[in-house]
Amino acid sequence: MPMTLPLDLQTQIDPDCQRILQHLPQIQSDLFDNENDASLLRKFLRRKDLQLTMKMYKRLCIMSHRRMRPVTRSSVALAANTFCDVRKGSEKEARATRELLQILSMPHVQALLYTHDRVAAGEFDPVVDQETYDIATDEKTLKIVHLVKSDEPLGVTIQMKEETGAIEIARIMHGGAAHRSGLIHVGDEIFEINGVHFRGKHPDEMAQTLSKISGPVTMKLGPAENNAAKFRASKTRVKALFSYNAEEDTVNPCAEAGLSFDRGDILHIISQSDALWWQAQKEGEKNARTGLIPSSILQERREMLRKANEEDEQNSRGSRAISPCRISPKIPRSKRVRKMMYQAILNGEFDHGEVPTYEEVELFTPDPNRPRPLVLVGATHVGRNELKRRLIASQPSHFTDIVPYTSRTRRPFEEEGKEYHFISRQEMESGIISQRYVEHGEYKGNLYGTRTETVMSAIQEGKMCILCPSVQAIKSLRTAEIKPYIIFIKPPVLEKLKETRHKQAASITLEDGDTRLCSNEDFENLIEASDKMEDRYGYLFDCTIVNQNLHLATNELLKVAHSVETDVTWIPASWIQ
Ligand SMILES: Nc1ncnc2c1ncn2[C@@H]1O[C@H](COP(=O)(O)OP(=O)(O)OP(=O)(O)O)[C@@H](O)[C@H]1O
C-alpha cells in the first residue's frame, strides 16, 4: 500500500543533533583549533535540511524493520467485482456511478492494479526458464545472461568468424540494453538466444531474429577470451560536415543500429574501435541513443567512389573517350588536376583532404574584448555589401569594415582606402610571399587580398570586423588566430527574389562605375551560383541567412552577431589546442 511520510516543515532540532550541540562547548577545545570550525559545525547541526534528512532517515529505519504485508493480492478481481456490482445495482445515470465505472475501466488503472497484485505476490524478479540451464557438455565455459529490456533494441551487432563459423558479438552499442547489463562483451560467442540456436546459422538470419526480440532475453554465451578491455566512452565531439541517412545506407552492418544526422550536427564520438563504423550520439539530445556512423575513412572512400562513378557516367554519356592513362578509377580526375589557389589550413584530424567528413570541435567561451570576425559569403549580387553597410550603420562604433588591397588600377569613381587600398602588383606579390595576407586571389589578371594585420588590429581594438571575401578564401581565413564565424547569405526563391529586388530597384555596378538594373537573367544566374556554392562549401558555413526582406535579414544578422559574442559555441578543436 502506498505510504506517505509526513514531513513536518516546522522543524525542531533533532534530539541527536541537540545532544551534540549541548556537548560542543566541552569538546570544542579538544577537537578544534579555531572557533570558526566549531561555529561551522554549530550552524550545520541547526540547518533545516539536515533536520529533515535526520527525520527521514529515522522514519526509514523504523519502516525497514516493520514487516509490510499487502492488504490484498487480488485487487484486479476486486475491481472487476466492484465494476459488475456497481453497474448492476446502482442508478446508471448517476454522475458518481458513471465516473467510478469510467475510472475502473481505464487501462492504466487496470495496469496499476495488476502490477500491485504481482508485487504483492512477490513476483518482481524475472522468471528464468529452466530449459535455459540445459547445458551441452561440449561447451567448456558458458555464461547465461538474462536481461529484462523494454522495446529498445538489444544494442549489439554480430559477425560470423570465418574460421569456425561461430557467430559472435561484434559491437556493443554504448548505453544500450547489452551495454548497461555489463555482462556481454565483444567477442562473446552466441550459442543461443531465447531458445533459438545460433551455431551454423547465417548471420543475416540471426540479425533478423535479434531485431525481433522484445521483453525478457535469455542468452547462452561463450565468453570472449579477452574481455579485459572495458568499454570507456571517448570525450571527442565532432561537427558533421555531411548529412547521413542510416535508413538509406545499404552498407551499414546493422541498419537499425545506424544513426542519421544532418550536416552541422555535433556528434559525441563514443567509440572508434572499429576503423569503418564509429559509435556516436547526437550532442545535446536528451536520452541520446548511441548508433553507428561511417568513420571518416569510410566516408572518404565512399565519396571518392561516388564522384568517380559520377564522372564515369558523364564520360560514357558524352562523346569523350575515357583516357587510357587513367590508372585508378577510385581517384576522381578533378582531384589530380585541380590547382590549390590557397594555402591549406589544418582543420583538425577529422578533416581529411578534399572530402568533408567530420571536424573535431570543442566548446569555446567568447572573449568580449576580442570579438570573432563575421565573414559574409554568398553569390555575387545577393546583397552581402548592402547587409554589411546596414550592420555597420546600426552600430558604427562596434562593427567595422576591413578594406582589402588590390593591384588593380584605381577607377575614376573610386577613392583610395574606401573600396580598396591600391598598391602595385610587385608590392602585393612580396606581401603574399612574406605571408602578410590572410587571404588572397587573382581575378581578371589583378591580385586582391586582405592583410592579416588589418584584421588583427581591429580584433585587438575590440571591434567586430565584417568581411565579404570570395568563398574560396574562407578556408584560409579559418585560423586559430582569427576564429571567423562564417555566414552564408542565401537568396530567396526566384519569385521572391524578383519581387524584392524590383521593388528596391536593385542594381549592379559595372566596371566603368556605371550601374544597371538587375535583369531576370541575373536573378536566375544568382540562384544557380548560390546553390552550387552551398553544395560545394556548405560544410564550412556556421549559419545561413536568407536575404529576402532587407530589414528582417539585417535584424537576423544583428542577432547572430550578438550570439557569436555572448554564447558558448563549438569551434574547431585545432583553434583551441
Ligand atoms: N533583400 C534585398 N531586397 C532588395 N534589394 C536588395 C536586397 N539585398 C540587396 N539588394 C540590392 O541588390 C543589389 C546588389 O546588392 P549588393 O551590392 O549588396 O550585392 P553583393 O552581394 O555585395 O554583390 P557583389 O558580391 O557583386 O558585391 C543592390 O542594389 C542592393 O541594394
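These legends go with a set of close-up views of a predicted model.

A note on the numbers before the views. Local features are reported only at pLDDT of at least 70 and side-chain atom pairs only at pLDDT 80 or more, while totals for chains, interfaces and linings take in all residues. Residues are counted from 1 along each chain as its sequence is written, and side-chain values rest on heavy atoms, with hydrogens and water left out.

**View 1. The whole protein chain, with its 17 helices and 23 strands.** Helices (H or I, at least four residues) and strands (E, at least two) are DSSP runs, numbered from the N terminus. Of the 577 residues here, 38% are buried, meaning under 20% relative accessible area with a 1.4 Å probe, protein chains only. Take the contacts (heavy atoms within 4.5 Å) with a separation of 6 or more: 64% of them link residues 24 or more positions apart. The chain exposes about 35,200 Å², and carbon and sulfur atoms supply 52% of that; areas are Shrake-Rupley values with a 1.4 Å probe.

**View 2. Strand β11 and its partners β7 and β23.** Strand β11 spans residues 358–364, and 5 of its 7 residues are buried. Two strands count as paired if DSSP finds at least two bridges between them. Strand β7 (residues 237–240) runs antiparallel to β11, joined by 4 bridges, and V238 has E360 as its bridge partner. Strand β23 (residues 569–572) also pairs with β11 in the antiparallel sense, again over 4 bridges; there, V361 stands opposite P572. A handy thing to remember when looking at side chains: in a regular strand they alternate between the two faces of the sheet.

**View 3. The shell around the ligand, 16 residues in all.** A residue makes the list if one of its heavy atoms lies within 4 Å of the ligand. T380, G383, N385, E386 and N547 come nearest. Helices α11 (384–394) and α15 (494–503) each supply at least two shell residues, and α11 gives the largest share, with 3. Sorted by class, the shell has 4 nonpolar, 9 polar and 3 charged residues.

**View 4. Ligand atoms next to G383, R384 and R501.** All three pairs use N or O atoms within the 3.5 Å cut-off for a polar contact. A polar backbone atom of G383 is 2.9 Å from a ligand oxygen, and a backbone N or O atom of R384 lies 3.0 Å from a ligand oxygen. At R501 the side chain takes part: one of its N or O atoms is 3.2 Å from a ligand nitrogen. On its own the ligand has 630 Å² of accessible area, and the protein covers 85% of it.

Terms used:
Buried means under 20% relative accessible area, exposed over 50%, partly exposed in between (1.4 Å probe, protein chains only). A polar contact is a pair of N or O atoms within 3.5 Å; within protein, one must be able to donate a hydrogen and the other to accept it, and residues adjacent in sequence count only if both atoms are side-chain atoms. Ala, Val, Leu, Ile, Met, Phe, Trp, Tyr, Cys and Pro count as nonpolar, Asp, Glu, Lys and Arg as charged, and the others, Gly among them, as polar.
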